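Trainee: I have this model open in front of me, but I don't know where to begin. Please pick one part, look at it closely with me, and then show me how the rest is arranged around that starting point.

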Amino acid sequence: MTSESLHPLPAPARRTVVAAVGAAGLAVALTACGSGDDSSGSTGSSGASLGKTSDIPEGGGKIFKDEGVVVTQPTAGTFKGFSAKCTHQGCAVSSVADGVIVCPCHKSHFSVEDGSVKQGPATQALPAAEIKVSGDSITLA
Ligand code: FES
């Protein structure tokens, strides 16, 4: 009596390892550092109103996005204008607090007094922007 019982082999649990090669395509936004790319359209807005002196907090400043300008008041009655374009990779600075203008991209800090770098990665000061204060109104010079 030979009863052969064929034991079917259990199907091997094949683990299909799907190598999710989600090639993290880091879109490295190469910005032309250091190449003079100014004066390409945003000039010629002299005379544009930047509001009133009372809008600018003493020891701080205000960012005018449309004009690409930051106006600060380092000390009472003294107003300064700077480019709002970070000298690191060209982001627009986003806030002014505690005596510094802050870039949101990599957290560079610039002095409200002269635009100088207080904290990197930026290495160059924010360039000055010509502003004019007449009475209590501020305009681009
Ligand atoms: S672009 Fe401003 S800190 Fe990098």
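**A close look at one cysteine pair**

Mentor: Let's begin with Cys91, which counts as partly exposed because its relative accessibility is 22%. To see why, remember that buried means under 20% and exposed means over 50%, with partly exposed in between. Before we go on, please keep in mind that this is a predicted model.

Now find the partner. Cys91 forms a disulfide with Cys105, and their sulfur atoms are 1.8 Å apart. The cut-off for calling such a pair a disulfide is 2.5 Å between the sulfur atoms, and the count by this rule comes to one disulfide. This pair links distant parts of the chain: Cys91 belongs to the loop between β4 and β5, whereas Cys105 belongs to the loop between β6 (100-102) and β7, and the two are 14 residues apart. Look along the S-S bond as well: its torsion is about -95 degrees, so the disulfide is left-handed. Cys105 has a relative accessibility of 37%, so Cys105 counts as partly exposed.

There are further cysteines to look at here. Cys86 has a relative accessibility of just 5%, so Cys86 counts as buried. Cys103 counts as buried because its value is 2%.

Stay for a moment with the loop that holds Cys91. Lys85 is found there too, between β4 (80-83) and β5 (95-97). Its relative accessibility is 42%, so Lys85 counts as partly exposed. If you follow the chain from Val70 to Lys85, you cover 15 residues, and the C-alpha atoms of the two are separated by 9.1 Å.

Next, follow the chain past Cys105 to strand β7 (residues 109-111), where you will find Ser111. Is Ser111 buried or exposed? With 4% relative accessibility, Ser111 counts as buried. Which residues is Ser111 in contact with, once neighbours within four places in sequence are left aside? They are Phe82, Gly99, Ile101, Ser116 and Lys118. Phe82 falls within β4 (80-83), and Ile101 falls within β6 (100-102), so you can place these two contacts by using the strand ranges.

One name on that list takes us to another loop. Gly99 is also among the contacts of Gly59, together with Gln73, Pro74 and Val112, again leaving aside neighbours within four places in sequence. Gly59 itself is found in the loop between β1 and β2 (61-64). Gly59 counts as partly exposed because its relative accessibility is 29%. Compare Gly59 with Thr75: they are 16 residues apart along the chain, with 5.9 Å between their C-alpha atoms.

Since β1 has come up, let's see what that strand pairs with. Strand β1 (residues 49-52) is joined to strand β10 (residues 137-140) by two bridges, and these strands run antiparallel. In this pairing, Lys52 stands opposite Ser137. On β10 you also find Thr139, which stands opposite Lys132. Four bridges join β10 to strand β9 (residues 131-134), again antiparallel. With two residues between them, β9 and β10 form a hairpin, and Gly135 in its turn has a positive phi of about 65 degrees. Put together, three strands make an open sheet in the order β1-β10-β9, with antiparallel pairing. Its edge strands are β1 and β9, each of which pairs on one side only. On average, neighbouring strands of this sheet are turned by 20 degrees against each other, direction ignored.

Now step back to the whole chain. It has 10 strands and zero helices. Of its 141 residues, 26% count as buried. Among contacts between residues at least 6 apart in sequence, 40% join residues at least 24 apart. The chain exposes about 9600 Å², and carbon and sulfur atoms supply 54% of this area.

Finally, a word on confidence. The chain has a mean pLDDT of 79, and 68% of its residues reach 70 or more. Over residues 16-44, pLDDT stays under 50, and the model has three contacts beyond four places in sequence for this stretch.

Terms used
Residues are numbered from 1 along each chain as its sequence is written. This is a predicted model: local features need pLDDT of at least 70, side-chain atom pairs count only at pLDDT 80 or more; totals for chains, interfaces and linings use all residues. Side-chain values use heavy atoms; hydrogens and water are left out. pLDDT is the predictor's confidence in each residue, from 0 to 100. Contact means heavy atoms within 4.5 Å. Buried means under 20% relative accessible area, exposed over 50%, partly exposed in between (1.4 Å probe, protein chains only). Accessible areas come from the Shrake-Rupley method with a 1.4 Å probe; for residues, only the protein chains shown count as cover. Two strands pair if DSSP finds at least two bridges between them. Axes are lines fitted to C-alpha atoms, for helices over the stretch in contact, and angles run from 0 to 180 degrees between N-to-C directions.
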